Amino acid sequence: MVQLAVLLTGSPTIAEDVVQDAFSTVIERWDKLDNPGGYLRTVVVNNCHQEHRRAKVRARSEPPSWVLPLDTPHEIVELRDAVARLSRRQRTIVVLRYFLDLPDDEIANMLGCKTSTVRSNAHRAIAHLRRELSS
Amino acid sequence: MTEQLEQRLRSQLPHVADSLSTPSTGSVTHATVRHRWAPRVALLGLVGLLATGAVLLGQRADDSAPQTLVAAPLASNGTAIEEPAAPPGDLPPRAEVPTAMDETSPEPALVTILVFSGRPNPTWQLTADQDAQLQLAVDQLTVTSSANQPDSTLGFNGFVVEDFRSDSHQGSLTVSETVVACECYPDGSTILLADPNGSVLRLLAVWALEQPLDAAVTSIISEHH
């Protein structure tokens, strides 16, 4: 969950906050949850989006500044930069699709949109990444 | 080419996550931050361990089944409102979304009502007429550097308009009472637009009330109408 939040926010400290809050939310409602794992994942994604919006307004500028260790291989840095430049929605879909390996219909369910919207956003994200990574 | 890229994403995204989670070697700042955060991280680890174990013990066999319980947001007066359960497939009603994969065809702007925390927020697709009205309203706002967007709270936090395109702005709008923040495509920069009269929020609130929402959400949005 922390890794999911890290990929969505770009910050391990924010990610830990987000996941901690999400676990608190789940524990508060534990007795009434049918699917705690799915609920937790949804809360993490929603909290990352809220945190992202707040951070964007605070910074008033740049895409998320993701800091990697100095010895990170070039291709990882390149991929990080390209993913960080995706729009929030596209980044979320890419992470849920390729990091968590969730099917499109489940991603659509989490994000409250149609499966076709997930597919079209994923297609745009891939096209964007292909351009970024080939340049 | 696409398959190669998809394969690369699958194999390298975990490394990106790992790298982002790993402190820079020899970085004083990281060390300081880690030291300051150590108690919270330890607590998080403990809570995570307990909750993960509990999840594993209590989770249904079918992990993909949608949850039926939702977070309880608060109305602006602090009263808890009851969110309805989200049975399988009970997504907010929406207009048809084009299935075209042509990246050059503009997608209609998608509006999300920021009201829930533990379930998908209600959304709807703007009609062409609404899109035109919204473009007009947003283009009349002036850029500001002094406004602050309010922190999000439980309950109604405004709207997000994705894939918004007007003559002046293109990107994702976060609409709150007196400020509209535009996260611009493609560079990701954010500009703030002052909306002292809340005209954009009220415009979206009117359209939101035309959507088939549950009573509690309608009641909250009506306060901003």
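This passage describes the cavities, one enclosed helix and the aromatic pairs of a predicted model.

Three cavities of 30 Å³ or more are present in the structure. The largest holds about 230 Å³ of space. Its lining comprises 17 residues. Nearest the centre lie A:Asn46, A:His49 and A:Arg88 from chain A, with B:Thr112 and B:Asn121 from chain B. Two or more lining residues come from each of helices H3 (36–59), H5 (88–99) and H6 (104–111) of chain A, and from strand E4 (159–165) of chain B. H3(A) contributes the most, with four residues. By class, the lining consists of seven nonpolar, six polar and four charged residues.

Helix H6(A) is largely enclosed by the rest of the structure, because six of its eight residues are buried. These are A:Asp104, A:Glu106, A:Ile107, A:Ala108, A:Met110 and A:Leu111. A:Gly112 follows H6(A) and has a positive phi, near 70°.

Two aromatic pairs were found over all chains. B:Trp124 and B:Phe159 pair edge-to-face, at 6.3 Å centre to centre and with 90° between the planes. B:Trp124 belongs to strand E2 (residues 123–125) of chain B and B:Phe159 to strand E4 of chain B, so this pair ties together parts 35 residues apart in sequence. B:Phe159 also pairs with B:Phe156. Their ring centres are 5.4 Å apart and their planes lie at 75°, so this pair is edge-to-face. B:Trp124, B:Phe156 and B:Phe159 thus make up one aromatic cluster. Each member is buried: relative accessible area is 2% for B:Trp124, 13% for B:Phe156 and 0% for B:Phe159.

Methods: Residues numbered from 1 in each chain as written. Chains lettered and ligands numbered in written order. Predicted model: local features only at pLDDT ≥ 70, side-chain atom pairs only at ≥ 80, totals over all residues. Heavy atoms only, no water. 1 Å grid on protein atoms, 1.4 Å probe; cavity = no way out; pocket = protein on both sides within 12 Å on 5 of 7 lines; lining within 4 Å. Points joined across faces, edges and corners; volume = space filled by probe spheres on them. Nonpolar A, V, L, I, M, F, W, Y, C, P; charged D, E, K, R; others polar. Buried < 20%, exposed > 50% of the residue type's maximum accessible area, 1.4 Å probe, protein only. Phe/Tyr/Trp six-rings, centres within 6.5 Å; stacked < 30°, edge-to-face > 60°.
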